[in-house]
Amino acid sequence: MNLVNCQAILNNTVQVKLALDAKKRVFVIGDLDADLPKFERALASVNFNAANDVLFALGDVIDRGAHSVALLQRFKELGVYMTLGNHEHMMLESILAQDSGYHALWVENGGRWHYELSEAECVDVCLQLLNCPLSYLIEYAGMTIGLSHTVPQNWHWQNIPRNHSQAVTGLLWDRAITKQGKVIHNQGVDFSIHGHNSTPRPYWIGNTYHIDTNYLGGEPTLVELSSLISDFKQAQSMD
């Protein structure tokens, strides 16, 4: 695996651990690609209530669509827990580290919207993204669940690498699991949930669940954890 540059996000936390009340509804949403109306429809479909419910987003919230800034502002209003995705990484390296290679890649893949921002607006977006971790490790309803944009084939959620570039590469960019259709080790969790790899419908590979259904005209997948846990336990009992 070739490690990526991560000069701008050296201080982004690799993992945040949270213990969540099992009485609360907890949701996870995949890549949104800057589409605020789709996000609002997804929330409406489950009658999401920010006062009582918890929502995690798996990165690639910005780019391609028309609502990058508005969507991030909506996240603030709702108290969404967001991980970085590779698109947020490209933005931060382009703007903060002034990396020309990342900038060219970012603009080619949906980042042109930032040309319309004022300097202050661009700074606000970057500051919001600099507070996002690369992953969450949550305890909920008796289960340990990992959340990140993606994950490499061999990962241990309880023993994260000290090399920050290795963590960024594995949690924001890696596609080996979906390309090869197998997990070598995804340890330290019961299961994990990820975006990044486009798919017409969510699917399992080992104990990793992939939900990037928005790209290429689809709708974002919004998963309620209690239902997914029930499905996971039922599948495990049949093995």
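## Briefing on cores, helices and a sheet

Phe39 touches Ile29, Leu32, Leu55, Leu71, Arg74, Phe75 and Leu78, leaving aside residues up to four places away in sequence. The model in view is predicted. Together with Leu55, Phe75 and Met91, Phe39 is among the residues with the most contacts inside the largest nonpolar core, which has 49 residues.

**Nonpolar cores**

- Two or more residues of the largest core come from each of these elements: β2 (26-29), α1 (36-45), β3 (54-57), α2 (68-78), α3 (86-95), α4 (100-108), α5 (119-130) and α6 (164-173).
- A second core, separate from the largest, has 21 residues, including Tyr209, Leu225, Leu228 and Ile229.
- In soluble globular proteins, nonpolar side chains tend to be buried together.

**Helix α5**

- The twelve residues of α5 should span 16 Å at 1.5 Å a residue, and this agrees with the 16 Å that separates the end C-alpha atoms of the helix.
- The residues Cys122, Val125, Cys126, Gln128 and Leu129 of α5 are buried.
- Because these buried residues cover an arc of only 160 degrees around the axis, they lie on the same side of α5.
- Glu119 and Ala120 are exposed, and they sit on the face of α5 turned away from its buried side.
- Among the elements that cover the buried residues of α5 are α2, β4 (81-82) and α3.

**The four-stranded sheet**

- Four strands form an open sheet in the order β4-β3-β2-β12, and their pairing is mixed.
- The edge strands, β4 and β12 (222-224), each pair on one side only.
- Strands β2 and β3 run parallel and are joined by four bridges.
- Phe27 has Leu55, in β3, as its bridge partner; Leu55 is also one of the residues that Phe39 touches.
- Helix α8 (residues 225-238) lies across β2 and β12, and runs at about 70 degrees to β12.

**His87 and its surroundings**

- His87 is located in helix α3.
- With a relative accessible area of 4%, His87 is buried, since buried means under 20%.
- Contacts of His87 are made with Asp60, Ile62, Asp63, Arg64, Trp106 and Asn109, not counting residues up to four places away in sequence.
- Asn109 is 22 residues from His87 along the chain, and the C-alpha atoms of the two are separated by 8.4 Å.

Conventions: Residues are numbered from 1 along each chain as its sequence is written. This is a predicted model: local features need pLDDT of at least 70, side-chain atom pairs count only at pLDDT 80 or more; totals for chains, interfaces and linings use all residues. Side-chain values use heavy atoms; hydrogens and water are left out. A nonpolar core is a set of buried Ala, Val, Leu, Ile, Met, Phe, Trp, Tyr and Cys residues joined through side-chain atoms within 4.5 Å. Buried means under 20% relative accessible area, exposed over 50%, partly exposed in between (1.4 Å probe, protein chains only). Contact means heavy atoms within 4.5 Å. The expected span of a helix is 1.5 Å times one less than its number of residues. The arc is that of the directions from the helix axis to the C-beta atoms. Two strands pair if DSSP finds at least two bridges between them. Axes are lines fitted to C-alpha atoms, for helices over the stretch in contact, and angles run from 0 to 180 degrees between N-to-C directions.
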